[in-house]
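Q: Please take me closely through the loops of this model, with the residues that sit in them and the contacts and charged pairs around them. I would like one connected account rather than a list.

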Amino acid sequence: MELTLSGIENRADFDRADVQLPSFDVADMQEKGKEDPRWIHLGPGNIFRAFPARVAHDLIADGEHWPITAVVPMNPEELDKQLGANDLMTLSVTLNPDGTRDLKVIAGISEGLAWSRAEDYNRLVDIVKQPKVSMISMTITEKGYGIHDSQGQLSEQVREDIDSEPRGFHKNTMATLAGLLVHRFDAGGEPINLMSFDNFSHNGDKLKDSILQVMRGWVAGGKLDAEVLAWVEDPEKVSFPVTVIDKITPRPNESVSEDLKVLGFTDMDIDHVGRTPVAGFVNAEPTEYLIIEDVLVGEVPDFDKYGVNVTSREVADDFENMKVTTCLNPLHTALATAGVVLGFPTIDSEMRDPALRAFVERLGRVEGLPVVVDPGIVSPEEFLNEVLEVRFPNRYLPDDPARIAMDTSQKVGIRFGETIKKYIAQGRDLNELKAISLAIAIWMRYLLAVDDEGQPFDPSPDPLLEELQGHLKGVELGQPVDAHLVLQPILSNPSIFGVDLYTTPLAMRIEQLFTELVAGPGAVRTTLNKEMMA
């Protein structure tokens, strides 16, 4: 079996393997999607291919015309090796907690582009101008929205883009999106929705703010008419809803690849684009949530029929706050850096370690739940119970801690900083945040790129990695350390944590823990056990 347009014509083979195939003519859908595009998605990675693309697939299966133009913003090789090799289709492999699997071919994409290729960018400009295109969604990770450096100043890249012509191609992702909106305005300015499906607080607000800052720079420099800026600022014309997406989608796993070969697939090997593994399949958990603020403009799908909650900003905010700052993402980050340093291969294996389990239990139940708001869609207690009892321990969901550890500097301000700020605002005792202090201290220890046995490892990519490691230069395992000297520049930076931690008792506590964590081989395990198992 091959996951290609010609391959899926052999339906009998797929039926024997219990693989659900599209009920519609995929080739015909793709042709019509090119002629009549409706939905653009930027960053077609794993969570997109397993979830939003599935929503488009199901819409199309029901006779609704919502094909997606998938756009790769970085390395074009990702498009060629991942989607292109399988005629823009994906094999969704749902890894159930009982060990069973559900296999479905997802065909929600009609066209694939890599905007760093001039011809593809020009094609994208043409698509954005089409009046029926009403959505640009994206999964580009937190760093994709950045326009500032670590000191809060506009980055050199963004300054260069602001100095360039608005209608040209730009280096920064937000500047490129701003330029596409200029083209949209030029073509008549039909309403359009820009939706971030990335996991960070108030993602739509951040997306809007970054784009508007670039456009204001163009207006101030005399390069753009203020009328274009006013159009983007008009919520009846351009919408930036707050959204929350939740579905754990690990990197493609070798064991899944091998099992698919046994079923008869000949094109499910795992390849790489740089350090990133890519494959024709996505292995993911069954749980999924997508919450979208009800401020959409123009014609959009009836999302509610396809497992998406379109609801008020208050509910969206509360759900996002519950997930991103309390019940899932902080726990994930804590397990990620600790797991790498301690040598755990998967998140589920960490959950079978008593000290690590106690670590995230305290982080969620003791420190997070007291300041979280019930969104109404699901109670925080129920959501957290599912995370701790079902989702994270799922041994059939082989999620690599190093994957979760990517871009930690872009995450800690939301995943830990928001809880810290709530404790301050509510006058709560900050000394109760023992797990948060330990999680931050372990991240500092992780930045040394030496595991608990004293062996070097390659840290996951992070835009601030070089800068942060520079502050820790000279710290060696088993040698005396002036924790205040090396940590002060990091812990005092509110652009990282959302607050200067030295205005709280947490900084001194983190310094103390860091000193213990670098005492020598085995110190991370010793400190973890002491703090969480006492």
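**Loops and their partners**

A: Glu-236 is found in the loop between α10 (226–233) and β9 (238–239), where helices (H or I, at least four residues) and strands (E, at least two) are DSSP runs numbered from the N terminus. The model is a predicted one, in which local features need pLDDT of at least 70 and side-chain atom pairs count only at pLDDT 80 or more, while totals for chains, interfaces and linings use all residues. Residues are numbered from 1 along each chain as its sequence is written, and side-chain values use heavy atoms, with hydrogens and water left out.

With a relative accessibility of 59%, Glu-236 counts as exposed; the classes are buried under 20% relative accessible area, exposed over 50% and partly exposed in between, with a 1.4 Å probe and protein chains only. Apart from residues up to four places away in sequence, Glu-236 touches Pro-191 and Val-297, a contact being heavy atoms within 4.5 Å. The C-alpha atoms of Glu-236 and Leu-296 are separated by 8.6 Å, with these positions 60 residues apart along the chain.

The loop between β14 (289–293) and β15 (309–311) holds Asp-302, which is partly exposed at a relative accessible area of 42%. Together with Asp-62, Glu-64, Asp-294 and Asp-304, Asp-302 gathers in a patch of negative charge on the surface. Patches are made of residues with over 30% relative accessible area and no salt bridge, like charges being joined within 9 Å and nonpolar side chains (Val, Leu, Ile, Met, Phe, Trp, Tyr) within 5 Å. Asp and Glu count as negative, Lys and Arg as positive, and His and the chain ends are not counted; the place of a charge is NZ of Lys, CZ of Arg, CG of Asp or CD of Glu.

Glu-299 meets Arg-38 in a salt bridge at 3.1 Å, N to O. This pair links distant parts of the chain, 261 residues apart, with Glu-299 in the loop between β14 and β15 and Arg-38 in the loop between α2 (26–35) and β2 (39–42). A salt bridge is a side-chain nitrogen of Lys or Arg within 4 Å of a carboxyl oxygen of Asp or Glu. Arg-38 is buried because its relative accessible area is 7%, whereas Glu-299, at 52%, counts as exposed.

Both partners of this bridge are also touched by Trp-66, whose contacts, not counting residues up to four places away in sequence, are Arg-38, Trp-39, Ala-56, Leu-59, Ile-60, Ser-134, Met-135, Glu-299, Val-300 and Pro-301. Trp-66 itself lies in the loop between α4 (52–61) and β3 (68–72), and it is buried, its relative accessible area being 3%.

Further along the chain, Thr-346 sits in the loop between α13 (329–342) and α14 (347–350) and is buried at a relative accessible area of 15%. Leaving aside neighbours within four places in sequence, Thr-346 is in contact with Pro-398, Asp-399 and Pro-401. Asp-348 forms a salt bridge with Arg-352, the closest N and O atoms being 2.9 Å apart; Asp-348 counts as buried at 4% relative accessibility, while Arg-352 is partly exposed at 43%.

Another bridge joins the side chains of Arg-362 and Glu-432 at 3.7 Å, N to O. Since Arg-362 lies in helix α15 (residues 354–368) and Glu-432 in the loop between α19 (417–425) and α20 (434–446), the pair ties together parts that are 70 residues apart in sequence. Arg-362 counts as buried at 19% relative accessibility, and Glu-432 as partly exposed at 38%. Elsewhere, Arg-54, Asp-58, Lys-104, Lys-247 and Glu-288 are joined into one network by salt bridges that share partners, and the structure holds 39 salt bridges.

Helix α19 has as its buried residues Gly-417, Glu-418, Thr-419, Ile-420, Lys-422 and Tyr-423; their cover includes α12 (313–327), α15, α18 (412–415), α20, α23 (494–497) and α24 (506–517). Just after α19, Gly-427 takes a positive phi of about 70°.

Most residues other than glycine have a negative phi. Thr-141, although not a glycine, has a positive phi of about 70°; Thr-141 is found in the loop between β7 (135–138) and α7 (156–163) and counts as partly exposed at 31% relative accessibility. Asp-407, likewise a residue other than glycine, has a positive phi near 60°. Asp-407 lies in the loop between α17 (401–404) and α18, and it is buried, with a relative accessible area of 2%.

Methods:
Areas by Shrake-Rupley, 256 points an atom, 1.4 Å probe, with all protein chains shown as cover.
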